[in-house]
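Let's take a look at how some charged side chains pair up in this protein, and at one place where two helices meet. Have the structure open as you read.

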Amino acid sequence: MSKRTHFRVCNLCEAMCGIAVQTHGDKITIKPDTKDPFSKGSMCPKAPALGAIQTDPDRLLQPVKRVEGGWAKISWDEAYELVEAGLKGTLAKHGPDSVGSYLGNPIVHNLGMLLFVKSLTGAIGSQNVFSATSMDQLPHHFAAHYMFGHEFRIPVPDIDRTDHMIIMGANPLASNGSIMTAAGITDRLRKIEQRGGKVVVIDPRKTETAKLASEHHFIRPGRDVFFLLTFLHILFRDGHIKLGDLGAHLKGFEQLESLVVEYTPEYTSPMTGLEVATVEALVHEYATQDRAVLYGRMGLSTQPHGGLCHWMINLINIVSGNFDQSGGMMFPSPAIELVRGAKGGIRHARWASRVRQLPEFYGELPVSAMAEEMAIEGRGQIKAFLTICGNPVLSSPGGKRLDTLLPKMDFMVSIDNYINETTRHADVILPTPTGLEIDHYDMIFNIISVSNNAKFTQSLMPVAKDRPFDWQVLSELTRRISGRKTWFERFATPRRIVSLGLALGPYGWLSHPKRLFTGLSLRKVVNSVHGISLGPLRPRVPEGLHTDDGLIELAPQVFLDRLSALDPELDSTGFRLIGRRNLSTNNSWMHQYEKLSKSRQVRCTVMINPDDARNQGIRDGDNVRVSSRTDAIILPAEVTDTMMRGVLSIPHGFGHTREGTKLRHAEAKPGVSVNDITDHLRVDELTGNAAFSGQPVQIERVGPSQM
C-alpha cells in the first residue's frame, strides 16, 4: 500500500500550525508542514494526537443511552427520538428556560460545530445558555464591544514587527498564543530580542515564557489593574501621550487623565508588590520605543478586575501611539470577516441570571451562575441539560457542586465523543466525526491572528454513511425542536458557508468588481494546498470600527462606574491561588492521549515558593491540603523558586477519578481537580467572567508523598 501525504491545519489549539499527515495503511505519521506560509514548519507536541484520536478504543463511534448497569449502543433514529422527547417534554412541562446548555471550548476549533450550534440553542429558546467564554476570554470581548463596537473586533499584538513587548498574565510558550494566534511563538518572541528588542513578562510565576524573556517581574495575583492604572498615570504625568492621526477617531480622551491622577507609583506599589523604581523604568522604557506593545491574557481575564484590565491595556496602547500601527496592537484583516451587519447597539445585560442577577452578554450567561440555576427551585430553574464538547465538572468554578446536581436533571444529553466526568451523567450521548475526518477552516483564530492567512483543510479519513457529521446532528436536532427546517438548515453546509464567506470577504471575488476574476475563492484556497498568506497586519481605523458613530470609545460608562467602585484594600492573610497550563495538555480531554500525558511536565502538583514551604514545614513531594471557602483537595507539593512568595499554582484539567468514566489513559494519571476548590461566587462584577486567579486559599502538610 502506497504512502499518502495530506496537508492540513492542526485544530487542537489556537496556533493554526500547518501539518503534513502521512498515511500508510493504518499507520498515521504527523510532521510539520515546512511550506505552510503561516506556521513555517512549527508544530507543538499536541499535533500527533490527531492521529491518536482515530484509533482510540475509548472513543464513541455511535450513540449510546443510559441503561441499568451501564450504556447501550443505539441507532441514530432512536437517539434523535430520545433527545427530542426529553428536551421538548421538559420545555412543555417547565417553560422555555428550563433547558440549560453548556458550550465547550472545542466548538471554536470545529468548523461544523461553530457554524450550526447557535441554531440549536436558538431553537430551544432558553436564556440559560453558558459557555467556556465566561471562564476565559470574556473580558476581551467585553472591551472590544464597548470600545470598538463588536465583540470580535479584538486587537492583537503585531509581534513580528514590535521592538518591545510587555506580557502580563500570559504564558504563550504553554498556550501557543491565546487571543494572539501565532504559530511558532517561541521563535517569534526570540526574534524580538534578535533584532535588538526586548520581551518583559510580569507574572506571579516565572513561567516558561518568563524564562525566555529579557526580564521577569513578580506581581501579586489580582492586583494587575493597579499597575495598569499607574502605567496610564505615568504616561500622562511624563508627557508620553502620542495620539497622532488616531486622535481624530477617539471619543472620551479628555476624561482619562483625571481617572488615574491618584494612582501614583507610590500609592499602588504596596498593592502590586512592584517597587516604585521598577514601575517607573518599565513605563519609561515602553513609552520611549517607536514600536512597542502591551499584551495581557488569561491571568488578567480570570480575576475580579478582568474587564478593567483589558480596558486599560487598550487605553495604554492607544494613548501611547502603539495602536493601529506596525509593531503595536492592530486589528487583523481576515479573509472571512465575522464583524458584519448593523453598527452600534448594546448586546449586554438584556436579561440576567435568575438567582444572582448576573448579566447576559451576547446571548450567554456567566458559567459561574450555572450550578445555582440548577439547584435553586423556582420558575426558570434548569431541569434538563445539554452539553456540547465540554466537561464543566472539571473546568467550571465549583465543579464538584455541579457533579452532584447533574444526576438530578430530568433529562440530559451530551454531544461528545467520550464518557467523561460530565457526560457520564447524560441519558444520551451523541458522538460525531472529528479530527482528520472533517473539513476545517479557522473562522475564529484567523480574526485574532498576528498575520492574515487563509487555509482550508479537506477531510482525510473516510466516515461511514451511518455516522452524521456534527453540523448534520445539530441541524437535525434544530429541526426536531423547532418543528421546521429553515432555509439555512436546508441549504447550508460548512463548505458552502466558507465559500460564500471567502467570496464576500475583503479579498474575495465578489467583494469588488475589479476582483471578479482575481479575487479569493474557496477553490483557490484549496488548490494552494499549504495555504495562502494575505500579508501582515495593516491599519484598519476607522474602516474597521463598528461603533455607531465610527469612533473608538475610550471611556464607556460601564467601565467608569466599575472603576469608581474599585477597592484598593488587600487581604494579606493566607495564600493566593493561580492556575497554569502545560503545552502538551492544555485541555482536560488531552489527558486521554498517552503520548501527550506521559511527559514528566504533565504533573498535578501545587507549586510553592521555598520560603513559604519552609515556613509551612513542607518539603518537595510532601502531600499537602489546599483549602478554600468551598472545599479542600490533597496533592503533592512542588517547591520551586519560580513562584512569588504568598502564591500557589495548581494546573487545571486533572481529576479523572470519578466512577463511571471511560478514559483509561486519563484515569491512569488522575491528579485532582482544582475546580473542586474554586469559588463560583468570585466573578468579575463588570463582565461576569469567573475569577479563578487570586483566590484566597490555605495550605498545610498532611504527610509524605505516596507517589
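Start with Arg297: its relative accessible area is just 2%, so this arginine is buried. Keep in mind that we are looking at a predicted model here. What does Arg297 pair with? Its salt-bridge partner is Asp136, and the closest N and O atoms sit 2.1 Å apart. The two come from distant parts of the chain, 161 residues apart: Asp136 belongs to the loop between β7 (129–131) and α4 (138–148), while Arg297 is in the loop between β13 (292–296) and α12 (298–301). Is Asp136 buried or exposed? With 11% relative accessibility, Asp136 falls under the 20% cut-off and so counts as buried.

That pair is part of a longer list, as the count of salt bridges comes to 44. Here are three of them, side by side.

| Acidic residue | Basic residue | Closest N to O |
|---|---|---|
| Asp136 | Arg297 | 2.1 Å |
| Glu280 | Arg237 | 2.7 Å |
| Asp439 | Arg495 | 3.2 Å |

Now for the Asp439 pair. Asp439 and Arg495 form a salt bridge at 3.2 Å, N to O. It again links distant parts of the chain, with Asp439 in the loop between β19 (428–430) and β20 (451–454) and Arg495 in helix α19 (residues 494–504), 56 residues apart. Asp439 has a relative accessible area of 23%, so it is partly exposed. Arg495 is partly exposed too, at 32% relative accessibility. Elsewhere, salt bridges with shared partners join Glu84, Lys88, Glu476, Arg479 and Arg480 into one network.

The remaining pair in the table takes us to the helices. Glu280 and Arg237 form a salt bridge with their closest N and O atoms 2.7 Å apart. Glu280 is in helix α11 and Arg237 in helix α8, so the bridge ties together parts 43 residues apart in sequence. Arg237 has 40% relative accessibility, so it counts as partly exposed.

How do the two helices pack? Helix α8 (residues 224–237) and helix α11 (residues 276–287) meet at an angle of about 60°, and their axes are 10 Å apart. That angle makes α8 and α11 oblique to each other, and α8 passes α11 in a right-handed crossing. From α8, the contact takes in Phe227, Thr230, Phe231, Ile234, Leu235 and Arg237; across from them in α11 are Val279, Glu280, Leu282, Val283, Tyr286 and Ala287. Sorted by type, the residues of this contact are nine nonpolar, one polar and two charged.

Technical notes: Residues numbered from 1 in each chain as written. Predicted model: local features only at pLDDT ≥ 70, side-chain atom pairs only at ≥ 80, totals over all residues. Heavy atoms only, no water. Axes fitted to C-alpha atoms, helices over the stretch in contact; angles between N-to-C directions. Helix = DSSP H or I, 4+ residues; strand = E, 2+ residues; numbered from the N terminus. Parallel < 35°, antiparallel > 145°, perpendicular 65-115°, else oblique. Left-handed = near helix turned anticlockwise from the far one by under 90°. Contact = heavy atoms within 4.5 Å. Nonpolar A, V, L, I, M, F, W, Y, C, P; charged D, E, K, R; others polar. Salt bridge = Lys/Arg side-chain N within 4 Å of Asp/Glu carboxyl O. Buried < 20%, exposed > 50% of the residue type's maximum accessible area, 1.4 Å probe, protein only.
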